[in-house]
Structures are given as C-alpha cells and as structure tokens.
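Here is a short set of exercises to work through with the structure open beside you. Try each task before you read its solution.

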Amino acid sequence: MKKEFIFLGPPACGKGTQTNKLAKYLNFPHVDTGSLLRAEIKGETAAGKEAKLYIDKGQLVPVDLVANIIKNRLSQEDCKNGYILDGYPRSTEQADKLNDINNSIDKEPAKFSAIYFDLDHDVLISRIVNRRSCPKCGEIYNLKYHPPKVDGLCDKCGEKLTQRKDDNEETAEARFETYFRETAPLIDYYKNKGLLKTIDANGSIDDVWERLLAIIND
Ligand code: AMP
C-alpha cells in the first residue's frame, strides 16, 4: 500500500534532518517545498520571482503557486509507492488542497500519517541562526549542536556551507509568527481525523531518529 508521510513542526524543529534520513531509509523521495521554492528562485522562473517576495518576509507563498509545484512533484513516477512531504501543508487550506491532489493522483487510498515534531520553543531561534547547509548535497549542520568537522565545509562532499537568507533573527521571528497563526492549527486538524502522531523532538539527532523509527511502523 502506498505510504504518505507529512511532517509538522515549527521552523528548525529538526524535520529537515530527520525527513532526509527517513527518505533514504524507506527509499521514498523527500519532497521539501522550501527547497523546491528555493530552486525556482535560483532558476529565476516566474514562480520563483513571485515566491521570493514572500519568502524574504517570512510569509507563506500563495496557495495555488505551491499547490502547482507539489502536484507536479507528487505526480512523478518516483512517488508512486510513497513520499515524505516536508514543509507542506502549512495551513488547513493547503491540507484540503493536498487531499484533492492525492485524490486526483491515486486511484486507491494510501496510508497517510501526519507526524508532529514537538520541541521546546527556547531552543528554536538558536537552532535557526546557527543552521548551515550544503548547497550541493543538502546536508544540514548546526554550528553549536552538529558542527562540520572542518570549519565551513561539508563533511560529505567538501562544498562550502551556506546560511539560508531567511535564517536571520528578524525573518526567523516572522516565520514563527506565520507558523503559529497558519500552520499550528493543522495539529488539531489531523488529530481530529485520527491521523496525527506526535514525536518528542528534543535531544540529539540519534535520539529523535530512534523515536521516529519506533512510530513510523505503527
Ligand atoms: P522552509 O525551508 O520549509 O523553512 O521554507 C522556507 C520558506 O518557503 C517559508 O518561510 C515560506 O515562505 C516558503 N514556503 C515553504 N513551504 C511553503 C508552503 N507549503 N506554503 C507556503 N510557503 C511555503
């Protein structure tokens, strides 16, 4: 049976790292809307130019713009057995859209799980401003909790690490506001449908990974 996983949680809760690992473990594609949008920006497409106006302010990009990108991606052959969706949906409106998208792609119902990363708020901003990532292979680091072995360089491929433009304190605050206003209501949305699984996202990458493995096969 096809398995669809979506992940919820505030910015920098560790979803990106864990969903990357899970995608490799299950051999499912990791579909991350933030990265898909950043690729559109880099490619200077019309969608990218529009998305940039919102991303730079820490706001959500318009519903239809993201829905088109997601629909194209989830329709691809590599998603036919399942996918890991990271950063989508981010509002109840997007959750309804995702339902429509899934119904238009799948003839048979899939097993759907929403996994919520629950984390103490005070560690989040510190995680954001210390986050660095590899623009080549996507590996994510944290200067405090998970630094690269050689300062500024990716352990995996040696590429120079970069900081996301929206990972500064001001934009980070705006992203939290957006999260609590638009995205947090999804916790009850999926809980009420009996689809929510909550994971304690405090602790090391390995601790959280163990907890994740324990719940994905439930
Ligand atoms: P992320 O990499 O998930 O932190 O996303 C970075 C930025 O991309 C967000 O602050 C939003 O501006 C935009 N974004 C990512 N995913 C979505 C989405 N599902 N809906 C609207 N905007 C999004």
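**Exercise 1. Explore the surroundings of Ile 55.**
Task: Find which residues Ile 55 touches, leaving out those up to four places away in sequence. Then decide whether Ile 55 is buried or exposed.

Solution:
- Step 1. The contacts of Ile 55 beyond its sequence neighbours are Leu 37, Ile 41, Val 61, Asp 166 and Thr 171. Keep in mind that you are looking at a predicted model.
- Step 2. Place the residue in the fold: Ile 55 belongs to helix H3, which covers residues 46-55.
- Step 3. Buried means under 20% relative accessible area. Ile 55 has 15% relative accessibility, so it counts as buried.
- Step 4. For a sense of distance, pick Asn 68, which is 13 residues from Ile 55 along the chain; their C-alpha atoms are 17 Å apart.

**Exercise 2. Describe the ligand site.**
Task: Work out how many residues surround the ligand, which helix gives the most to that shell, and which polar contacts you can list.

Solution:
- Step 1. The shell around the ligand holds 16 residues, and the closest are Thr 33, Gln 59, Gly 87, Arg 90 and Gln 94.
- Step 2. Sort the shell by class: 6 residues are nonpolar, 5 are polar and 5 are charged.
- Step 3. Look for the main contributor. Helix H2, residues 33-42, gives the most, with 4 residues.
- Step 4. Now the polar contacts. The side chain of Arg 38 places an N or O atom 3.0 Å from an oxygen atom of the ligand. Gln 59 uses a backbone N or O atom, 2.5 Å from a ligand oxygen atom. Val 61 also brings a backbone N or O atom, here 3.1 Å from a nitrogen atom of the ligand.
- Step 5. Finish with the area: the ligand taken alone exposes 480 Å², and the protein buries 95% of that.

**Exercise 3. Judge the overall fold.**
Task: What radius of gyration would a compact globule with 218 residues have, and what does the protein have?

Solution:
- Step 1. Count the elements: the protein has 9 helices and 7 strands.
- Step 2. A compact globule with 218 residues would have a radius of gyration near 17 Å; the protein has 17 Å, so the two agree.
- Step 3. Add the dimensions: the C-alpha trace spans about 50 × 40 × 35 Å along its principal axes.
- Step 4. Turn to burial and surface. Of the 218 residues, 45% count as buried. The protein exposes about 11600 Å², of which carbon and sulfur atoms supply 48%.
- Step 5. Check the contacts with a separation of 6 or more: residues 24 or more positions apart account for 69% of them.

**Exercise 4. Inspect the backbone.**
Task: Where is the cis peptide bond, and which residues other than glycine have a positive phi?

Solution:
- Step 1. The cis bond joins Tyr 88 and Pro 89, with omega about 0°. Pro 89 sits in the loop between strand S3 (82-86) and helix H5 (92-105).
- Step 2. Ala 12 has a positive phi of about 65°. You will find Ala 12 in the loop between strand S1 (3-8) and helix H1 (15-26).
- Step 3. Asn 27 has a positive phi too, near 60°. Its place is the loop between H1 and strand S2 (30-32).
- Step 4. Compare their burial. Ala 12, at 12% relative accessibility, counts as buried, whereas Asn 27 is exposed, with a relative accessible area of 68%.

**Exercise 5. Follow Asn 142.**
Task: Which backbone oxygen does the side chain of Asn 142 reach?

Solution:
- Step 1. Start in strand S6, residues 140-142, where Asn 142 is found.
- Step 2. The relative accessible area of Asn 142 is 8%, so this residue is buried.
- Step 3. Beyond residues up to four places away in sequence, Asn 142 touches Ser 126, Arg 127, Asn 130, Arg 131 and Pro 147.
- Step 4. One of these gives the answer: the side chain of Asn 142 reaches the backbone oxygen of Arg 127 at 3.2 Å.

Key. Residues numbered from 1 in each chain as written. Predicted model: local features only at pLDDT ≥ 70, side-chain atom pairs only at ≥ 80, totals over all residues. Heavy atoms only, no water. Near = heavy atom within 4 Å. Polar contact = N/O pair within 3.5 Å; in protein donor to acceptor, adjacent residues only side chain to side chain. Areas by Shrake-Rupley, 256 points an atom, 1.4 Å probe, with all protein chains shown as cover. Helix = DSSP H or I, 4+ residues; strand = E, 2+ residues; numbered from the N terminus. Nonpolar A, V, L, I, M, F, W, Y, C, P; charged D, E, K, R; others polar. Rg over C-alpha atoms; globule rule 2.2 N^0.38 Å. Buried < 20%, exposed > 50% of the residue type's maximum accessible area, 1.4 Å probe, protein only. Contact = heavy atoms within 4.5 Å.
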